[in-house]
Amino acid sequence: MATQRTEPARYDRFERTLEEYGVGVRRVRPAAVRETIESLRVGSAVGTPLDIEGAALPESVTTGPTTAELEAAETGVTSASLAIAEYGSVVLRATAEGSEPISLFNDRHVVVLREGDIVPDMASAFEWFGEELRETRDSAIIATGPSATADMGALVQGAHGPKEVEVIVVS
Amino acid sequence: MSGKSRGSQAERIRDVMDAEGDAVATNTRGFNAGRYESVGKLDDYEALKDRAREIKEDAIERLPELIDDVAEAVEENGGTVYIADDAADANRYIASVCESEDADRLVKSKSMTSEEIEINEHLEREGVDVVETDLGEWVLQLAEEAPSHIVAPAIHKSRAEIAKLFEERFDPDEELESAEELTMFARERLGELVRDADVGMTGANFVTADSGTIALVTSEGNARKSVTVPDTQIAVAGVEKIVPQIEDLHPFVELIGRSGTGQDITSYVSLFTPPINSPSVDFEDTDAVIEGTGEDREFHLVLIDNGRMAMREDEDLRETLYCIRCSACSNTCANFQSVGGHVFGGETYSGGIATGWEAGISGLDTAAEFNDQCTGCSRCVEACPVGIDIPWINTVVRDRINDRTDVDAEFLVEGLTPDTERSGPGIQKRLFGNFETLAKLGSAVAPVSNWVANTPPAARALEAVAGVDRRRPLPSFSRRTFVEWFESRDAVPPADPDRKVVVYPDIYTNYMDVERGKAAVRALEALGVEVLVPPASGSGRAPLSQGMIDTARHKAETVSEELEPYLEAGYDLVVIEPSDVAMFTGEYERLLPEAAFESVAENTYEILEYVYGLVSNGADVDRLRHADGETTVAYHSHCQQRTMDLAAYSRTMLERCGYDVETNDVECCGMAGSFGYKSQFYEQSMDVGENLAGQIREADADVIAASGTSCLDQIDDLLEEKPKHVIELLAPAE
């Protein structure tokens with residue numbers, strides 16, 4: 001799935017849907033990933049290594065953090081395995097590098113993904129889930145926009161999870 | 001039910017409406033409007049619903065096998081599965097897991113099944129500190145209240161009430177006022193409690209049998225934290241939550257948020273395959289590096305029967321197990337919108353489908369406490385993403401409740417209650433269930449019956465004996481019935497009719513609203529149709545609505561026998577009362593042999609549907625009466641008519657005859673047959689109706705029209721303005 005070329009309409013759709021959720025999105029070349037993350041970083045940052053050719057984390061992002069570093073961080077940077085254009089969702093796979101806590105405990109979540117990993121719709125995403133999860137028995141989150149609640153009388157972002165989500169699509 | 005207990009029930013409903021009604025109404029109506037908008041964006045909505053239904057039917061059919069598959073998958077993953085027979089069994093097991101972990105604190109994400117087994121109380125008794133981490137659930141835990149909604153549990157509490165609660169419990173340094181401040185306070189507070197939790201508990205929206213994956217549909221992120229932080233996870237789920245494979249989750253993920261709160265998708269749909277391959281987070285060890293595949297993790301899936309396997313064997317309750325607990329049936333229900341789950345709910349579940357759950361899990365006594373809240377309006381059927389016939393489940397349970405009710409005052413209505421019920425539905429239900437007999441008698445002695453029934457002594461007596469609210473004007477009977485009028489008139493049938501029609505003399509048109517019957521005949525004849533109005537029995541709608549299924553079946557058989565000769569001779573069956581159209585094309589399938597049902601259903605048309613068909617096939621629309629200049633009409637379609645997708649015909653015909661039509665988004669008028677007449681529900685019925693009255697007033701139309709007898713009566717009572725049936729506006733003058 002990672003190797004297929006995404007038609008331009010798919011990215012546009014993804015971008016439009018993300019914007020409806022108030023999620024910032026930008027498309028960059030692999031070489032520009034480092035500076036883009038740096039520009040999106042707020043406070044100290046923790047992250048997981050990026051598995052995208054030519055893309056790297058800035059030095060300011062700590063990988064393999066301790067619990068103290070996780071707690072102190074305001075920004076978490078992780079990659080997404082897949083994105084769903086129709087819903088503006090990113091698929092966050094729980095990994096041994098701590099993707100799940102790192103994408104969850106910070107106020108700002110920066111997500112990095114390959115443009116070729118954007119699938120058009122939920123049906124395609126579930127074909128992928130079926131094959132991947134049955135085989136690996138891994139876990140994954142379909143995350144759409146920031147954490148939210150309406151339990152206190154009005155919609156508030158950042159109930160338990162991140163208040164802000166920023167997406168970097170690597171073309 | 002005695003007059004006294006009806007009185008105390010009315011009082012309880014009044015108290016809940018006063019305290020919680022506004023918050024519940026605003027939130028549920030918002031969710032409901034959101035649902036329409038959100039599902040409207042799906043091109044393949046109906047196909048997704050069909051697929052979802054198919055998956056559930058298959059899963060429940062194969063449930064024993066799927067339970068084995070889940071157990072195998074979870075064990076392969078390194079977890080443990082425990083099948084609990086009942087709540088006590090589940091609680092014992094969960095407590096033993098906590099004990100072996102030496103757990104001081106368990107953090108929970110929202111789970112209705114855990115409410116059902118009352119695990120919190122059990123663990124607290126065992127000395128485990130249980131913390132609800134869903135913000136709404138946490139508020140209720142602090143307030144020591146029960147959820148009033150299955151998805152948004154604290155829907156009945158206003159922001160100001162929550163602020164006051166936090167003030168009292170925590171005395172915060174800074175005053176908390178806005179939703180943002182309250183949320184951040186809760187986030188911080190709960191964050192602390194999650195940090196050193198020993199066990200995390202979640203429910204499961206779905207469990208996949210192929211991989212042992214638990215799908216959790218959430219928005220806050222608390223379920224993720226509850227799973228990620230502690231190294232021990234427990235998931236509790238009813239056995240019905242199992243679907244065969246991961247791909248089966250697809251239609252549900254697209255439908256559940258849209259159907260419930262009107263969100264296209266919630267923030268997080270977690271697909272956890274526990275024990276998860278992700279490091280646990282030990283906040284007590286600040287130098288610990290977060291890495292690894294979670295080798296230290298332990299997982300227990302507690303699958304709960306608690307009556308479900310018996311529900312599976314129960315032909316009528318089985319469908320309840322398809323429920324995905326989205327809350328669409330609550331939000332779309334006009335009655336629920338007024339009172340919420342504290343009135344329309346049992347020990348755990350609330351809304352229309354709760355009758356099935358509570359009857360299956362807690363028993364008929366619990367279901368009996370709120371089952372009458374369902375008026376059978378049917379709006380939930382199209383809202384339900386798996387198409388459960390929720391009104392039928394309510395009817396069946398009502399019938400079962402009737403069957404065990406002991407009634408000692410039956411003699412009072414002897415002669416008025418010639419039903420075929422083997423036991424006692426109670427005097428109020430029998431009076432309304434046998435409304436046909438009452439109408440016959442009322443008509444025979446009209447107008448005296450009308451004068452007497454609405455006199456204060458008679459109204460008091462009816463209220464005391466049968467719980468007919470004295471504030472509700474009683475229907476006025478016509479001395480000459482619709483059938484008698486038809487037989488007595490000197491009309492020459494059209495020589496060469498295009499079509500032949502039987503207009504069904506439903507009991508309301510026949511004995512009370514004869515004018516709309518006459519209008520139907522005039523309109524049809526003007527459009528070149530031969531019309532007959534033969535005597536016919538009531539459809540059985542009245543007894544069915546009271547849960548008197550045997551009586552309804554008897555009526556259905558009689559109607560079918562009476563009408564069959566006409567249908568065989570090529571007559572179409574035109575019906576004025578929408579609730580009877582619904583009977584003939586819907587419930588009769590459950591009451592009649594297949595061939596008899598098909599014959600009636602295939603030939604039945606709602607009056608405006610038929611008129612529309614005639615005009616579309618060449619009949620001259622100018623033969624109908626047209627609006628006099630610029631005229632607006634506020635039109636309220638009947639609930640069941642909306643469900644059957646028949647409302648558009650009335651609207652279109654009004655427009656074609658020159659009216660500007662204003663419609664409304666009120667799901668049901670609140671009268672709903674007998675509901676609004678019953679003294680225990682009168683005030684609730686008026687509260688539901690006020691929503692409709694407000695929208696009609698706002699439309700400020702020249703004329704008000706409606707389609708159902710109940711709606712017409714309710715609008716008359718609310719606005720003190722007699723509305724007309726659509727056919728009365730369109731029929732040529734006499």
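**Exercise 1.** In this predicted model, determine how many bridges join E9(A) to strand E9 of chain B, and whether the two strands run parallel or antiparallel.

*Solution.* Step 1: locate the partners. E9(A) covers 140-143, and E9 of chain B comprises residues 268-272. Step 2: count the bridges between the strands; there are four, and the strands run antiparallel. Step 3: take one position as an illustration. Ile141(A) stands opposite Ser270(B) in E9(B).

**Exercise 2.** State how many residues of each chain are in contact, and what area is buried between chain A and chain B.

*Solution.* Step 1: 57 residues of chain A are in contact with 65 residues of chain B. Step 2: the buried area amounts to about 5000 Å², with 58% given by carbon and sulfur atoms. Step 3: within the share that chain A buries against chain B, Arg137(A), Met152(A) and His160(A) supply 19%, more than any other three residues.

**Exercise 3.** Establish the number of salt bridges between the chains and the number of residue pairs in polar contact across the interface.

*Solution.* Step 1: the salt bridges between chain A and chain B number six. Step 2: consider the pair Arg134(A) and Asp210(B). Their closest N and O atoms are 2.5 Å apart; the criterion is within 4 Å, so this pair qualifies as a salt bridge. Step 3: polar contacts, with both residues at pLDDT 80 or more, link 37 residue pairs.

**Exercise 4.** Identify the element that gives the most to the side of chain A touching chain B, and classify the residues of that side.

*Solution.* Step 1: the elements giving two or more residues include helix H3 (67-72), helix H4 (99-104) and helix H5 (122-136) of chain A. Step 2: H5(A) gives the most, with nine residues. Step 3: by class, this side of chain A has 27 nonpolar, 19 polar and eleven charged residues.

How values were computed. Residues numbered from 1 in each chain as written. Chains lettered and ligands numbered in written order. Predicted model: local features only at pLDDT ≥ 70, side-chain atom pairs only at ≥ 80, totals over all residues. Heavy atoms only, no water. Contact = heavy atoms within 4.5 Å. Buried area = accessible area lost by both parts, 1.4 Å probe. Salt bridge = Lys/Arg side-chain N within 4 Å of Asp/Glu carboxyl O. Polar contact = N/O pair within 3.5 Å; in protein donor to acceptor, adjacent residues only side chain to side chain. Nonpolar A, V, L, I, M, F, W, Y, C, P; charged D, E, K, R; others polar. Pairing = 2+ DSSP bridges.
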